[in-house]
Amino acid sequence: MNSPTNHPANQSVVTRFAPSPTGQLHIGGARTALFAWAYAKKHAGQFILRIEDTDQTRSTPQATCNIIEGLQWLGLDWQAGPDPQQPLEKQLGDTGPYFQSQRLDTYRQYIQQLIDMGRAYKCFKTPDELNAARQQAKSEKRAYKYDSTESRNLTPDQIAECESAGKPSVIRFRMPDADVTFHDAVFGDVTVKSSELEDFIIQKTDGFPTFHLAVTIDDATMGVTHVIRGQDHLYNTPKHVALLDALGLTRPDYAHLPLIFNSDGSKMSKRDKAKTARAAAKAQNIQSVDDATGVSSDDLSAFLNKKTDDINIAFAIADTLKLTLPEIDVEDFRRSGYLPDVLLGYISQLGWSHGHPTERYGLDYIVEKFALADINKSNAKFDRDKLAKFNTEAITALPPDEFRELWKAHCARYEPAYLEKLDDAAFALLATSYQERSRTLQEPCDNGQFFIIADDAIEYDAKAVKKFMAKNDGEGFTMLRTLRPALEALDDFTAAPIHALIERTSTEQAVGMGKIAQPLRVAMTGSSVSPPIDQTLAILGKPTVLARIDRCLNVLAETAESNA
RNA sequence: GCCCCGUUCGUCUAGUGGCCCAGGACACCGCCUUCUCACGGCGGCGACACGAGUUCAAAUCUCGUACGGGGUACCA
């Protein structure tokens, strides 16, 4: 099958990612950015980051920063757009500015050109009138379509009259009375019938262009050769193509990507986090969250009553309940401890496949293999298990010092207590212990809390105590009493000598390693889980080990043994 | 409602008329390893949505049905 293109082979590729700055970088957006970036990279072209902030009510500078930070973390760099090293006003590239709010003059110029050509006109219909017509059509079970006859035929006098009366107007594009066909790299030739097309708005009453006008003009004036975006834009494309044709501008090549959904088929949206937090809070019937989160009980009840989906409240609940919210934005995945290359490798497989001799790969491999022809048509569901597995493998394969540095950076950003409480040597030992048993960079933080809390803050898990300590007349306590002097006498308190000591004890007492390791675990962690016990003791250090044995014996032994 | 698109194991996918009673990966199950939790090794379960048609031959082509998705905004 041939793949028609509107661009000569020797023209260099220009792609772009054009998010609207209304929050964090969404995982779906990240994949769109990845594909556009990879295509440009593969063809030694240019990748543009353009900020689509024409919706004045929803756009924020903070959101732009979030998106920039997310892209940078992923390692997707752009040659034109906001300069990530500079304040937001500074921009890279020579086809800018790259904020749509700074391109209003350009849009006006093209809109005026369309008006002058008779291809655009003012329309004084109000949203209310339009809605009424829509409702009317619906109640008559009829397909609604904007009726252009009245506004198209307004005389100059009538227009002047409306304007002097102060009636607000929009500008609409006069859609040609013909079917529109365009080529899409994923869907092939797409034709939309004339009857499905209407005179759409290109300039709002506030004087801002609509998305359709802005995106079309920007892509054309920035020299974008390949528009790679989500499938939700497929049926916007006839509008863009018609605009381009009217203006005599070259059509870019299009590729519309399948969408990404949750495993239950719902859209991956930021509201999933609120939903999950709310459901957990209701299930456990909590009345308040940790004071440290700064969320009041009023905030909480507003959230529980669905008055707000405030993400900060959702996180406060998650913190209080030790709950992981579903990852939706790139920042969520970063916080959960996924490696950027793994995340990218995984999401690249959602809707794109090249025959996979392997499925574990990173950015370089994607660039090497990427082709628009290998993009699928059908939507994909996001599978966190698979992502987690890939992440585990990548973490395990890391050189130990590299893992330590990555984990350190993660702690600095999300769990500073580890860096404050542990010296370099202890941190390094802990990193080594956890590397092979961690799915994410966050997991050792969650599982290793007992390494950084005070000796008297250990909470003993009742089941673990019963099973490993109190059972058989408190054999666990007996073992601890046996071990204590031997451990105290150990001069070189590192993993190897500790291991030797435990093995010797095992032989002398004629018991399995488990009979020794598990009571120690309970004393050290309060639970039955930790890294190998010799490493655990070495990292904790002799004073802490002895203190925790003593505490376990003093606090726990009496009550447990009397209850036994 | 209307217009379009899609549909291979639970999930992501390989597959472009004979190589496929359908291959890989994740999940799941079992065994091995084991001081706990993990990691790891080996094995197993498991799909062409349904119905017609074309053909010597169909997961692959055609039609219909069902289901899923997108669009139908002065949001992008």
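Visitor: Which polar backbone atom lies 3.2 Å from a base oxygen of RNA strand B?

Guide: One of Pro-532. This is a predicted model.

Visitor: What makes the pair of Pro-532 and a base oxygen of RNA strand B a polar contact?

Guide: The cut-off for N or O atoms is 3.5 Å. The Pro-532 pair is at 3.2 Å, so the pair is a polar contact.

Visitor: Which atoms of Ser-530 and RNA strand B pair up?

Guide: A backbone N or O atom of Ser-530 lies 2.5 Å from a base nitrogen of the strand. That is within 3.5 Å, so this too is a polar contact. Ser-530 is also among the residues that come nearest to RNA strand B, together with Lys-204, Tyr-235, Gly-351 and Arg-437. Of the strand's atoms within 4 Å of the protein, 70% belong to sugar and phosphate.

Visitor: Which part of RNA strand B does Arg-134 contact?

Guide: A phosphate oxygen, 2.7 Å from a polar side-chain atom of Arg-134.

Visitor: Which element gives the largest share of the surface near RNA strand B?

Guide: Helix α15, with six residues. Other elements that supply at least two residues include α4 (127-139) and α24 (533-540). The whole surface divides into 25 charged, 20 polar and 19 nonpolar residues.

Visitor: Why is the pair of Glu-163 and Lys-122 called a salt bridge?

Guide: The limit is 4 Å between a Lys or Arg side-chain nitrogen and a carboxyl oxygen. Their closest N and O atoms are 2.4 Å apart, so the pair qualifies. Glu-163 sits in helix α6 and Lys-122 in strand β5, 41 residues apart. The search finds 30 salt bridges in the whole structure.

Visitor: Is Arg-278 buried or exposed, and why?

Guide: Buried means under 20%. Arg-278 has 5% relative accessible area, so Arg-278 is buried. Its salt-bridge partner is Asp-309, at 3.0 Å. Asp-309 lies in the loop between α10 and α11 and Arg-278 in helix α9, so the pair ties together parts 31 residues apart in sequence.

Visitor: What makes Glu-331 count as buried or exposed?

Guide: Its relative accessibility of 15% is under 20%, so Glu-331 counts as buried. Its partner Arg-413 is at 34%. That value lies between 20% and 50%, so Arg-413 is partly exposed. Glu-331 and Arg-413 form a salt bridge at 2.9 Å. Helix α12 holds Glu-331 and helix α16 holds Arg-413, so the pair ties together parts 82 residues apart in sequence. Both residues belong to one network of salt bridges with shared partners, which includes Glu-69, Lys-273 and Asp-329.

Terms used:
Residues are numbered from 1 along each chain as its sequence is written. Chains are lettered from A and ligands numbered from 1 in the order in which they are written. This is a predicted model: local features need pLDDT of at least 70, side-chain atom pairs count only at pLDDT 80 or more; totals for chains, interfaces and linings use all residues. Side-chain values use heavy atoms; hydrogens and water are left out. A residue is near a molecule or strand if one of its heavy atoms lies within 4 Å of it. A polar contact is a pair of N or O atoms within 3.5 Å; within protein, one must be able to donate a hydrogen and the other to accept it, and residues adjacent in sequence count only if both atoms are side-chain atoms. Helices (H or I, at least four residues) and strands (E, at least two) are DSSP runs, numbered from the N terminus. Ala, Val, Leu, Ile, Met, Phe, Trp, Tyr, Cys and Pro count as nonpolar, Asp, Glu, Lys and Arg as charged, and the others, Gly among them, as polar. Buried means under 20% relative accessible area, exposed over 50%, partly exposed in between (1.4 Å probe, protein chains only).
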